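I opened the model today and kept notes as I went. The entries follow the order in which I looked things up.

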Amino acid sequence: MIITQKKPLEELLGMLDGAKTVALVGCGSCATACATGGEKEIADLSKVLEQHGMKVVATAMSEYCCMHLKTRTILKPVIAANPDAVVAMSCGDGVQVIAQYCKCPVYPSNNTMFLGESVKLGLFEEACHLCGDCVLGKTGGICPISRCAKSLVNGPCGGSRNGKCEVNPENPCAWIEIYNKLVELGQEYKIGITRDDKGYEKVSYPRTINIRGDKK
Amino acid sequence: MSVLQQALENGKFGVTAEMAPPKGCDFSEQMAAAELLKGKVHAINVTDMQSACLKASSIGLCVKLKLAGLEPIIQMTGRDRSRMAIMGDMLAAASFGIDTMLALTGDHTMVGDCKASKPVYDLDSVGILRMLSTMEATGKDCGGNDLASTPTFYKGAAVTPVYEPQILQINKLRQKVDAGARYIQTQGIFDLDALKRFMDEVYKAGIKAHIMAGIIPLKTAGMAKYMNENVPGIAVPQDMIDRLAAAAAEGKEKGVKGLPARLGIEMAAEMIAKIKAEGLCDGVHIMAIGAEKNVPTILEKAGVEI
């Protein structure tokens with residue numbers, strides 16, 4: 001899922017400067033799991049904004065802010081309330097979807113951090129860089145692009161100490177983990193595979209994928 | 001042909017010294033130190049912002065050394081340059097007659113002194129070597145387009161012998177050699193038994209490249225301890241640290257300065273002499289870390305002439 005983190009309140013208040021009426025839009029998927037855009041966070045932020053003299057004229061929750069059909073529908077009462085500003089409590093994509101349908105300014109309450117996983121409640125780890133050419137089949141299901149600080153594809157640098165990364169000693173060296181996993185899987189030979197340089201053409205953005213078989 | 005290549009391929013004991021460009025635009029100190037190395041080393045290996053700390057570019061000092069009649073090795077990391085920038089710099093270097101290079105992945109910007117800089121890593125050490133080898137073989141650039149003229153480099157890479165699990169370094173070393181590295185400089189070595197064990201593994205893996213042992217002359221016991229704690233792949237044995245500490249104590253008692261550094265020079269010379277006498281490696285790469293003026297003394301004490 002997309003991992004988000006709340007922006008400092010001062011930053012959000014700065015964006016909302018001058019707005020007297022606001023509407024809040026939460027997201028029922030990733031942002032709810034990250035406790036940055038669920039029902040509770042909508043209620044909490046409503047209170048805070050009221051305390052700062054703003055009137056919350058509407059709140060809404062999209063099951064997935066990133067899905068136009070769902071979000072367009074739940075935005076109807078928000079748009080009808082005609083607020084001075086909308087606060088989108090989702091990832092950066094959700095903010096952009098919401099902004100497409102609102103005539104007033106839409107401001108993000110979150111910073112979008114990474115694509116990752118919820119290891120346990122409240123603990124999130126980055127796990128994929130959307131490189132467009134997945135190498136996990138050769139690396140024991142551990143991603144060197146996102147788990148190695150240098151995104152190395154040909155094995156470790158010389159910088160690890162006691163199996164930890166030179167960049168952040170809290171992180172294990174991805175390549176040592178890959179090696180251990182491959183040994184466990186009986187696929188040790190894969191460590192020696194020379195990986196073709198995949199280049200960066202596939203990550204030239206913004207990207208579009210169309211599997212509809214018709215026009216966009 | 002590269003001077004270092006000539007030496008190593010003719011079975012001579014290769015000697016290189018490392019030098020860092022200044023943090024600034026005045027190269028006079030480096031040039032003065034380099035003059036002292038003339039005729040003492042096969043090449044001077046110019047770092048590319050080692051430890052990810054900002055310095056003048058390697059190519060600048062390399063050009064100056066070349067113009068002064070010295071043989072530079074241009075270090076090229078993937079940290080700050082895309083493949084286009086690397087190839088462009090290498091073409092520019094070749095136009096000055098620079099024909100020897102060392103490919104490195106590069107320390108991460110987060111461990112350096114300009115953490116806001118974007119870490120590039122378009123290519124790692126293996127990727128840089130492969131790109132240059134392909135260029136040399138095909139006369140084409142990194143996009144597959146014809147080059148109007150194509151240089152050839154004597155290419156090298158680095159390895160960390162003290163590493164767990166060692167198989168990962170051996171495997172990466174094999175990839176570097178397969179990608180075109182012909183000489184290899186090791187991280188600083190302090191324990192010859194560890195070096196022997198590593199060389200056995202290289203031999204067993206059937207890796208064919210000229211291996212040059214990295215030598216770091218120690219200056220103080222504190223420096224050794226600091227490196228043990230902070231520099232990956234460095235393992236200074238406790239008895240060396242004890243000897244340096246004893247030298248410092250002796251100096252304090254007698255009121256003589258610089259005894260530990262002098263001992264460091266002796267220890268470095270001793271190691272070089274042993275490496276050469278026992279045929280452990282094909283040469284040495286001396287990383288004096290700012291004390292390049294000591295390199296001729298170290299080589300003299302080791303009885304090594306080029």
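**Entry 1: chain A, domains**

Into which domains is chain A divided? I found domain 1 at 2-113 and domain 2 at 129-203. I noted that this is a predicted model. I then looked up how far apart the two parts sit: the centres of domain 1 of chain A and domain 2 of chain A, taken over C-alpha atoms, are separated by 37 Å.

**Entry 2: chain A, overall form**

I went through the secondary structure of chain A and got 8 helices and 7 strands. The radius of gyration of chain A is 21 Å, whereas the globule rule gives 17 Å for 216 residues, so chain A is more spread out than a compact globule. For the extents, I noted that the C-alpha trace of chain A spans about 60 × 45 × 25 Å along its principal axes.

I also checked burial and found that 34% of the 216 residues of chain A count as buried. Next I took the contacts in chain A between residues at least 6 apart in sequence; 55% of these join residues at least 24 apart.

**Entry 3: the contact of chain A with chain B**

How many residues does each chain give to the contact? I have 22 residues from chain A and 23 residues from chain B. On the side of chain A that touches chain B, I sorted the residues into 10 nonpolar, 8 polar and 4 charged.

**Entry 4: B:Leu168**

I picked one residue of chain B to look at by itself. B:Leu168 lies in helix α6 of chain B, which covers residues 166-178. Is B:Leu168 buried or exposed? B:Leu168 has 21 other C-beta atoms within 10 Å, and the cut-off for buried is 20 or more, so I put B:Leu168 down as buried.

I then listed what B:Leu168 touches, leaving out residues up to four places away in sequence. From chain A, I have A:Gly155, A:Pro156, A:Trp175, A:Ile176 and A:Tyr179. From chain B, I have B:Tyr163.

**Entry 5: a helix pair in chain B**

I turned to helix α8 (residues 221-230) of chain B and helix α9 (residues 238-254) of chain B, which pack with their axes 8 Å apart and at an angle of about 150°. Angles over 145 degrees count as roughly antiparallel, so I recorded α8(B) as roughly antiparallel to α9(B).

Which residues make this contact? On α8(B) they are B:Ala221, B:Ala224 and B:Lys225. On α9(B) they are B:Met240, B:Ile241, B:Leu244, B:Ala245 and B:Ala248. By type, I counted 7 nonpolar, no polar and 1 charged in the contact of α8(B) with α9(B).

Technical notes
Residues are numbered from 1 along each chain as its sequence is written. Chains are lettered from A and ligands numbered from 1 in the order in which they are written. This is a predicted model: local features need pLDDT of at least 70, side-chain atom pairs count only at pLDDT 80 or more; totals for chains, interfaces and linings use all residues. Two residues are in contact if their C-beta atoms, placed from the backbone, lie within 7 Å. Ala, Val, Leu, Ile, Met, Phe, Trp, Tyr, Cys and Pro count as nonpolar, Asp, Glu, Lys and Arg as charged, and the others, Gly among them, as polar. Domain bounds come from an automatic or database domain assignment. Helices (H or I, at least four residues) and strands (E, at least two) are DSSP runs, numbered from the N terminus. The radius of gyration is taken over C-alpha atoms; the globule rule is 2.2 Å times the number of residues to the power 0.38. A residue is buried if 20 or more other C-beta atoms lie within 10 Å of its own, exposed if 12 or fewer, and partly exposed in between; C-beta atoms are placed from the backbone. Axes are lines fitted to C-alpha atoms, for helices over the stretch in contact, and angles run from 0 to 180 degrees between N-to-C directions. Angles under 35 degrees count as roughly parallel, over 145 as roughly antiparallel, 65 to 115 as roughly perpendicular and the rest as oblique.
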